[in-house]
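Biologist: Could you take a close look at the loops for me, and follow where they lead? I am a first-year student, so please go step by step in one connected answer.

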Amino acid sequence: MPSNKTLLLLPGDGIGPEVVAQVRRVADWMAKNRAVGFDLKEGLVGGCSIDKNDSPLTDETMADAMEADAVLLGAVGGPKWDAVDFAIRPEAGLLRLRKDMELFANLRPAIVFPALADHSTLKREVVEGLDILIVRELTGGVYFGEPRGIFNLPDGQRKGVNTQVYTTSEIHRVAAVAFDLARKRSNKVCSVEKMNVMESGRLWREEVTKLHKEKFADVELSHMLADNCAMQLVRYPKQFDVIVTDNLFGDMLSDEAAMLTGSLGMLPSASLGATDATGKRKALYEPVHGSAPDIAGKNVANPIATLLSFAMMLRYSFDMGDDADLIEKAIRRVLDDGVRTGDIASAETAKVSTSGMGDHVLKALDSLAR
Ligand code: NAD
């Protein structure tokens with residue numbers, strides 16, 4: 001009897017509950033049709049938790065997240081909570097999850113399904129079939145380095161300071177994630193920094209090279225300066241498999257890569273922490289989009305980003321690559337058949353609802369599994 005995976009669902013606010021509901025349906029399908037069961041638990045995060053508990057994330061829900069094999073989040077926030085105290089705003093719940101789970105590696109795939117290649121602002125031949133993964137360091141670098149602040153100078157000017165700082169272990173742990181993931185993909189890592197002008201970049205390149213030599217020599221490694229990488233991403237993005245980079249460059253490059261795909265409703269993400277003594281890695285999966293208050297409650301949101309986040313969970317937390325492939329194949333088939341939610345619809349395609357898209361994905365899973 002296969003062991004069950006414990007999965008904490010945090011649907012959150014706005015369209016979060018609508019899109020996470022489709023994941024629940026796919027998880028049920030997998031329990032019935034594949035050799036895996038999920039113990040699903042659900043909790044509150046963001047505005048809905050503020051309404052009920054006066055806190056965007058309670059200690060109990062945090063404890064559930066620490067215990068779960070993986071966490072899937074919908075989205076948080078919305079105008080209803082714009083005026084709440086900054087310390088307990090909806091996003092504070094998400095930030096606490098990331099901090100307490102020590103999620104230091106952020107994974108943002110950019111995948112262009114052939115049926116949607118015309119949604120990109122780039123030419124079809126540049127992006128069609130694109131499948132790259134950006135691994136961004138998430139808890140270090142210039143966003144956290146000290147000293148930082150705005151200081152008054154004796155001559156009356158002001159000085160703004162942030163510090164880019166990385167240690168060997170911070171570089172090694174995120175690079176190890178990138179190398180590991182590359183082994184499950186096309187086995188290529190491109191490490192990105194600015195070693196030509198930054199000492200922290202020089203250290204980054206030296207340490208990635210050292211780790212590669214010691215533990216990951218089977219993976220193909222290349223290095224690139226961040227400004228060149230920004231250009232290469234729009235010139236010839238298919239040259240990349242996995243890109244690993246620091247917090248600041250990763251912030252920019254992952255948004256740039258995301259836009260190659262042309263649609264916010266299609267973008268999944270994962271954030272990973274360290275592996276514990278039992279081999280378990282803390283992990284949070286979530287769509288890149290927010291709570292979309294303008295369409296919330298209307299059953300029109302695109303659930304694909306969240307379904308792809310679930311597929312990432314199967315692949316990266318549970319080593320269930322075949323099942324992840326199956327979900328991605330089902331989504332590809334549905335898109336090839338011209339099934340579209342409003343955000344990716346065109347004049348030639350019919351529009352379906354959020355749950356309608358879920359119906360089509362389940363049907364495609366049925367026929368692929370036959
Ligand atoms: P958003 O991503 O919620 O929406 C931007 C636009 O994209 C909207 O027009 C929306 O309708 C559309 N959109 C987003 N997801 C879609 C989907 N799945 N299907 C179809 N259309 C979709 O960004 P925003 O409007 O800047 O922010 C709204 C709220 O979400 C804010 O409160 C913000 O703080 C919050 N937010 C949360 C997260 C998160 O939970 N990780 C991320 C970003 C924004």
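Modeller: Before a loop can be placed, its neighbours need names: helices here are DSSP runs of H or I with at least four residues, strands are DSSP runs of E with at least two, and both are numbered from the N terminus. Please keep in mind throughout that the model is predicted.

Let us begin with Asn187, which sits in the loop between α6 and β8 (188-193). The backbone of Asn187 has a positive phi of about 65°, although this residue is not a glycine. This deserves a remark, because most residues other than glycine have a negative phi. Asn187 counts as partly exposed because its relative accessible area is 24%, a value between the limits of 20% and 50%.

A second residue with such a backbone angle is Ala292, whose phi is positive at about 40° although it, too, is not a glycine. Ala292 belongs to the loop between β12 (281-287) and α10, and it brings us to the ligand, since Ala292 is listed with Val76, Glu91, Gly290 and Asn302 as the closest of the 20 residues that surround the ligand. By class, this shell is made up of nine nonpolar, seven polar and four charged residues.

Individual atoms give a finer view of the ligand's surroundings. In the side chain of Glu91, an N or O atom is 2.7 Å from an oxygen atom of the ligand, while Gly290 places a backbone N or O atom 2.7 Å from a ligand oxygen. The side chain of His289 has an N or O atom 3.3 Å from a nitrogen atom of the ligand. Taken on its own, the ligand has 800 Å² of accessible area, and the protein covers 67% of it.

Val76, one of the closest residues to the ligand, comes from another loop, the one between β3 (70-75) and α4 (90-100). Val76 counts as buried because its relative accessibility is 11%, and the limit for that word is under 20%. If we set aside neighbours within four places in sequence, Val76 is in contact with Asp13, Val45, Gly46, Pro90, Glu91, Leu94 and Ser291. Glu91 thus appears here as a contact of Val76 and also among the closest residues to the ligand. By contrast, the C-alpha atoms of Val76 and Arg185, which are 109 residues apart along the chain, are separated by 31 Å.

The loop that holds Ala292 runs up to α10, and within that helix, which spans residues 304-316, we find Ser309. Ser309 is described as buried because its relative accessible area is 0%. The side chain of Ser309 reaches the backbone oxygen of Glu286 at 3.3 Å, and Glu286 is also one of its contacts beyond the sequence neighbours, together with Leu72, Pro268, Ser269, Tyr285 and Pro287.

On the other side of α10 comes the loop between α10 and α11 (321-336), where Phe318 is found. A pair of aromatic rings is described by the distance of the centres and the angle of the planes. For Phe38 and Phe318 these values are 6.3 Å and 45°, and the pair is tilted. Phe38 lies in strand β2 (residues 38-42), 280 residues away from Phe318 along the chain, and the pair therefore links distant parts of the chain. Both of these residues are buried, and ring pairs join them with Phe310 into a cluster.

One more loop also contributes to a ring pair, namely the loop between β7 (158-163) and α6 (168-183), which contains Tyr166; its partner Trp204 is in helix α7 (residues 199-215). The ring centres of Tyr166 and Trp204 are 5.3 Å apart and the planes stand at 75°, so this pair is edge-to-face. Tyr166 and Trp204 are both buried.

Our last loop lies between β14 (350-351) and α12 (354-369), and it holds Ser353. Ser353 is partly exposed because its relative accessible area is 24%. The side chain of Ser353 makes a polar contact of 3.4 Å with the side chain of Ser355, and a polar atom of the Ser353 side chain lies 2.9 Å from the backbone nitrogen of Gly356. Apart from neighbours within four places in sequence, Ser353 is in contact with Asn299 and Thr341.

Definitions and conventions:
Residues numbered from 1 in each chain as written. Predicted model: local features only at pLDDT ≥ 70, side-chain atom pairs only at ≥ 80, totals over all residues. Heavy atoms only, no water. Buried < 20%, exposed > 50% of the residue type's maximum accessible area, 1.4 Å probe, protein only. Polar contact = N/O pair within 3.5 Å; in protein donor to acceptor, adjacent residues only side chain to side chain. Contact = heavy atoms within 4.5 Å. Near = heavy atom within 4 Å. Areas by Shrake-Rupley, 256 points an atom, 1.4 Å probe, with all protein chains shown as cover. Nonpolar A, V, L, I, M, F, W, Y, C, P; charged D, E, K, R; others polar. Phe/Tyr/Trp six-rings, centres within 6.5 Å; stacked < 30°, edge-to-face > 60°.
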